[in-house]
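The following exchange considers how the terms applied to a ligand site and its metal ions are justified. Each answer sets a computed value against the criterion behind the term.

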Amino acid sequence: VLVPVGLIAGGLISVAVLLFLRNQSSMPSLLKAGLRKNEFFVVYQPIVELKTGAWVGAEALVRWRRDNGEMIGPDTFIPIAEDSGQICEITMRVLELIERDAAQLFYGHKGFFLSINFSAQDFANPLVIEKLDSMVKHLRIAPDRIHVEATERVFMDLETTRRNVARMREIGVKVSIDDFGTGYSSLSHLASVELDALKIDRVFVQTVGTNSVTSSVIGHIIAMAQGLKLKIIAEGVETEEQAAYLRQQGVELVQGWLYSKPIDAVTLRAGASSGMDRNRDEVPESTKEK
Ligand code: C2E
Ligand code: MG
Ligand code: MG
Ligand code: MG
């Protein structure tokens, strides 16, 4: 009798230990530990005015370096954070990190704008919205210097879209639709909701100059955005040929490795300032806005 009881107990204990270990190293619990241990940081990719080459804005992109040195990309962990209900915490951390970089990003740097990525859950979370609102107020910048980027999923049903956009309008930030063309979005929503900008996903930019069947799509996206009076930002520009095409189509803002990879705030500031000196005759605005 003793033997089977021991076996069963032993078996149960090992199962429990295995489950515990598995849970310890699962992505959601690693994310949780990562938040606690401050393993997240933010880099900024310049957004460039095609006509002048000036860096007129930047997109904040979150990064995760685990304490063992391993880098995990947002394409891997953001979807998991969304599924496990952790995305809002990450977004709030991103907002805090941006606020810490504010001196480099905003001050004495008239008009420079910053794009922040929001997931669908962020729009529905009062804590996130409140944090965005209070960040804008703390920083004492014109709220329209913050652009919130949302993927097409945020625009799936009209009522939610309207509510989300209306809340952003109250705060005064701009709203861009990200990765346009890769997800589901209804053209009627696009037309009936007041958006500011449309970001063309890099998969379309990369068809420029190729003979692929999808290479004509980008021209239609640009024409549609222009028809809707949306600002266009082309993502993932890697070659001069792509830049030349976009210029010829009347696209004004671009982002991509041809100009710069994502960089830290100090490097961004240095590059943006020198770009402005090079390309514009502008008096530095040292403390005008603050
Ligand atoms: P996204 O918002 O569309 O960001 C653009 C992505 O394209 C970034 O990838 C950027 O590093 C990459 N990229 C920029 N230029 C080029 C280029 O010339 N060539 C190529 N091949 N790639 C380029 P990243 O930083 O890995 O971010 C991936 C996605 O993760 C983002 O796509 C965004 O959807 C999400 N993400 C990043 N940061 C955040 C965040 O703070 N919050 C949320 N919710 N999502 C985020
Ligand atoms: Mg984005
Ligand atoms: Mg994008
Ligand atoms: Mg993307």
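**The metal ions and the ligand site**

Q: What makes Asp178 a bridge between the magnesium ion (ligand 3) and the magnesium ion (ligand 2)?
A: In this predicted model, Asp178 bridges the two ions, which lie 3.9 Å apart. Asp178 (OD) is among the donors of ligand 2, at 2.0 to 2.2 Å, and Asp178 (OD) is also among the donors of ligand 3, at 2.0 to 2.3 Å. Donors must lie within 2.8 Å of the metal, so Asp178 qualifies at both ions.

Q: Which residues coordinate the magnesium ion (ligand 2), and how are they spaced in sequence?
A: The donors are Glu59 (OE), Asn117 (OD1), Glu149 (OE) and Asp178 (OD). Their spacing in sequence is E-x57-N-x31-E-x28-D.

Q: Why can the pair Asn117 and Glu149 be said to tie together separate parts of the sequence?
A: Asn117 belongs to strand S4 (residues 113-118) and Glu149 to strand S5 (residues 146-151), so the pair ties together parts 32 residues apart in sequence.

Q: Which residues coordinate the magnesium ion (ligand 3)?
A: Asp178 (OD) and Asp179 (OD) do so, and Glu235 (OE) is listed twice. The donor residues follow the spacing D-D-x55-E.

Q: What makes the approach of Glu238 to ligand 1 a polar contact?
A: A polar side-chain atom of Glu238 is 2.5 Å from a nitrogen atom of ligand 1. The cut-off for a pair of N or O atoms is 3.5 Å, so the pair qualifies. An oxygen atom of ligand 1 also lies 2.9 Å from a side-chain N or O atom of Glu59, and for Glu235 the corresponding distance is 3.2 Å; both values are within 3.5 Å and therefore count as well.

Q: How much of the accessible area of ligand 1 does the protein cover?
A: Of the 800 Å² that ligand 1 has on its own, 87% is covered by the protein.

Q: Where does ligand 1 sit, and which elements give two or more residues to the shell around it?
A: Ligand 1 occupies the largest pocket. The contributing elements are strand S2 (55-65), helix H3 (74-83), helix H4 (87-100) and strand S6 (174-180). S2 gives the most, with 4 residues.

Q: How many residues surround ligand 1, and how do they divide by character?
A: There are 23, and the closest are Arg63, Asp178, Asp179, Glu238 and Trp257. The shell comprises 9 nonpolar, 5 polar and 9 charged residues.

Conventions:
Residues numbered from 1 in each chain as written. Chains lettered and ligands numbered in written order. Predicted model: local features only at pLDDT ≥ 70, side-chain atom pairs only at ≥ 80, totals over all residues. Heavy atoms only, no water. Near = heavy atom within 4 Å. Polar contact = N/O pair within 3.5 Å; in protein donor to acceptor, adjacent residues only side chain to side chain. Areas by Shrake-Rupley, 256 points an atom, 1.4 Å probe, with all protein chains shown as cover. 1 Å grid on protein atoms, 1.4 Å probe; cavity = no way out; pocket = protein on both sides within 12 Å on 5 of 7 lines; lining within 4 Å. Sits in = over half its atoms within 2 Å of the grid points. Nonpolar A, V, L, I, M, F, W, Y, C, P; charged D, E, K, R; others polar. Donors = N, O, S within 2.8 Å, 3.2 Å for Na, K, Ca; no water.
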